[in-house]
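Welcome! Have a look at the structure below, and then let us walk through a few of its local features together.

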Amino acid sequence: MLFYAFGQIRETIMDVASTLFFLGLILVADVVGLMWVLFERRPSYKEFAGMFGLGFLEVFINMICSVAGNVDTILLLESLYYLGSTVQLMFVWTLVWDYSIKSRNKKIFSLVGIIGDCDIILMLTNIKKNTVFTVEMEPTLENGNNYVLHHQYPGAYIHFGILIIFSLFTLTPLVYKYIVSRGVYRNRYGTILFVFLIATMVGLSNGYLNLNKLILQSSNVLIVFACYFVMCHLSPEQLTKITIHETLRNLNSGLCVFDAEGHIIESNELVFDFLHLNRGDVEALKIKLDEILAVRDARNKDRDSWMIEIPNLDNSVRYVKVDSGRIKDRHDELIGHYINVSDRTQEQITLQAEHFKATHDELTGLLNKEGFYEAASERMRKYPEDDYIVICTNVRDFKMVNDLFGFDKGNEIIQKMGAMLSMALHKEELLGRTVADQFAILSRKSIYDEFYFLDQLRGITNIITSSYYTMTIHCGVYEVSNHEMDVSLMCDRANMAISTISDFSENKIAVYDDEMMSTILHDRQVANHLDRAVARNEFLIYLQPQVDPEGRPLGAEALVRWNDPGKGILAPGAFISILEKTGCLYKLDLHVWELAARQLCDWKGTVFENLHISVNISPKDFYYLDIYKIFTGLVDRYKIDPAKLKLEITESALMNEPDRQFKIINRLHNVGFEFEIDDFGTGYSSLSMLKDMPADVLKIDMEFLHETENRERSRMILDSVISLAHQLDMKVITEGVEKKSQVEFLRDMGCSIFQGYYFSKPLPVDEFEEKYVGMMKH
């Protein structure tokens, strides 16, 4: 008996273990399959553990119930089993809702939770009150005892009703998505709906069929995996094919795919259209694409991209961009090749229009500076065997054209110049407008004729026929010795040649040579040393006295000298013109004004405190500096009388933008500054200046009398000018006085202030003070 009982126990344990193992595998497959169906992904650890644990608990409960002999134990376990079924169904509903609707409605989820809680309470009360079912033991011949569940209670109907509600809740979103979806997506939701309908019917019919738990679980797994196959393999494959086909059909570019042997396996219609081939003519398409790929050897490149031109039937050109590349598998094995062609005609036309706008002058339609540099460089690279010259033109004092005739007339003249130069040049020559009135030409040296070119310039200068202005064009020529040199540098050298032309009123051409470069480098060296020289106080002011007829000083003009450590004292002629050409003169003027104001401050409280110092304002100072702010700032800083710091302006300084400059002069005059007009009578509008400018002093150079054959006529004019100045309450200073006879002559004409070597040359400040200190004490 003992051996028999032990055998029975061992057999029972083996049956339970094998059943448990088999049902566990089913549950694992159930969980994984369900997650793949609904989310097309592996379940997370928590999802797997939760669902597997719940299913395992149900199987374990049923196994215990099959060997248990106590009614209360079976009632408890079966109640928990029913409760687990409800929770599992709620979990499935949640998954289906999230998969199909993608968002959660708080009211619906709250309602489902309340219904689930009611079923949980109902099943828990069944343990004590038998509100859902009862358990009855029945003897059997084989196993001794078996139990039967009796559901003839109101709670059972409520429980099964709740299960039906959950089933409807699960099916509702699937039905909705099936109705609103289209195509392959509708098939996908239809498949899921069909599977869950079968699963629901099996579950609901179990109450009447009383199916074996193992059969029930196995059927669920088969249903889930059937759904998984349809959704994750069959439907995606159909969806992929349809999606690829529609994508190719709706692409705005032509695509063609080859296999590893070079056969076309896929293409769309646009690839035929872009290449002007009949749709469906695959053989012609393969031949054409092979030609395109062969030009770049693209089949042997992983990636390549280039632009081709395809002639249209109307003789226009279609610009097509080609992208090609190899297709490899994950093992880096070649499985095919693709080529994509896209129409870039409009884009290319737009780029060409933008490039034309960027490289051409809007006024003349010629190449602009950047366009000329680019085109000239390209021309010399394309034909390196030729010898070239670069010609630059410059209209002398073209600013006066705008001042005299207006900007519209100036633009009209520039347009005519461009047109006439274009007609005069050979078709192989390049012409561009580099800036304002300046043009640049690239010509082959063999076709350049200087006399012919000068003749064309004479025709251009005849555009303007005016007694006020004679148009003159100066040209610089640079013979290109190195084709790789930047064209901008070639133009710079041609312009250097222009700077050597004297200010003649006739058309001239100058040719660049290396000596010009030496001169330019010297000039730049002087300009570069300016800031350092100012910082080291190398610039000094020399004072040239302005005296009465007896030689007593009334003031002085400040003239600059450069005390170079290596060269000694340098006169203005050694550096002023250089600084003026390089645009640095304003820095020196600013320093001289500071020195003059400082000297006036030093004279306060001395015998020289009543003297004035005159400083020069050059034409470019009005452009580079805030004249009003600087001079009022000097007066405030050094606490000096503005009338003691006289401002000397030449007539030419007021030729450009006179209205703006007269406003500045009037503002300075109103705060006490006095102005001297230098070189009066040498400009174009001297009398107009006297009318518009609040000048206090008129300076006349003795050269006014020397530079004429009719001295009597000049004397009469000078007499009239001095008389006019006195009538305008202006003082007159005559500079350049070198003889006593000149002093007497000018004194008789009413001039009372003199400046010149007859009285004194420009002196250092200490020598000036030493010379006149005794005279100032008396």
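## Two loop residues with positive phi

Let us begin in the loop between α8 (269–274) and α9 (282–296), where His276 lies. This is a predicted model, and in it His276 has a phi near 60°, a positive value in a residue other than glycine. Is His276 buried, exposed or partly exposed? Its relative accessibility is 38%, so His276 counts as partly exposed.

Another example is Asp332, found in the loop that runs between β6 (317–328) and β7 (334–343). Asp332 is not a glycine either, yet its phi is positive, at about 65°. With a relative accessibility of 53%, Asp332 counts as exposed, because the cut-off for exposed is over 50%.

## A hairpin of two strands

Next, turn to strands β3 (residues 254–259) and β4 (residues 264–267), which run antiparallel and are joined by three bridges. If you want a spot to look at, find Val257, which stands opposite Glu266 in β4.

Together, β3 and β4 form a hairpin, with four residues between them. In the turn you will meet Gly262, whose phi is positive at about 90°.

## Aromatic rings that meet

How many aromatic pairs does a search of the whole structure find? The search finds 14. One of them is made by Phe608 and Phe768, whose ring centres are 6.4 Å apart. The planes of Phe608 and Phe768 stand at 45°, so this pair is tilted; planes count as tilted when they are neither under 30 degrees apart nor over 60.

This pair links distant parts of the chain, as Phe608 and Phe768 are 160 residues apart. Phe608 sits in the loop between α19 (585–603) and β16 (612–617), while Phe768 belongs to helix α27 (residues 765–777). Phe608 is buried, with a relative accessible area of 5%, and Phe768, at 0% relative accessibility, also counts as buried. Both rings are part of one aromatic cluster, formed by Trp603, Phe608, Phe768 and Tyr772.

## Charges over rings

Finally, look for places where a charged end sits over an aromatic ring. Phe258 has the charged end of Arg299 over its ring, 4.6 Å from the ring centre. Phe258 falls within the residues of β3 (254–259), so you can return to the hairpin to find it, because β3 is one of its two strands.

A further case involves Tyr542: the charged end of Arg561 sits over its ring, 5.1 Å from the centre.

Methods
Residues numbered from 1 in each chain as written. Predicted model: local features only at pLDDT ≥ 70, side-chain atom pairs only at ≥ 80, totals over all residues. Heavy atoms only, no water. Buried < 20%, exposed > 50% of the residue type's maximum accessible area, 1.4 Å probe, protein only. Pairing = 2+ DSSP bridges. Phe/Tyr/Trp six-rings, centres within 6.5 Å; stacked < 30°, edge-to-face > 60°. Lys NZ or Arg CZ within 6 Å of the ring centre and 35° of its normal.
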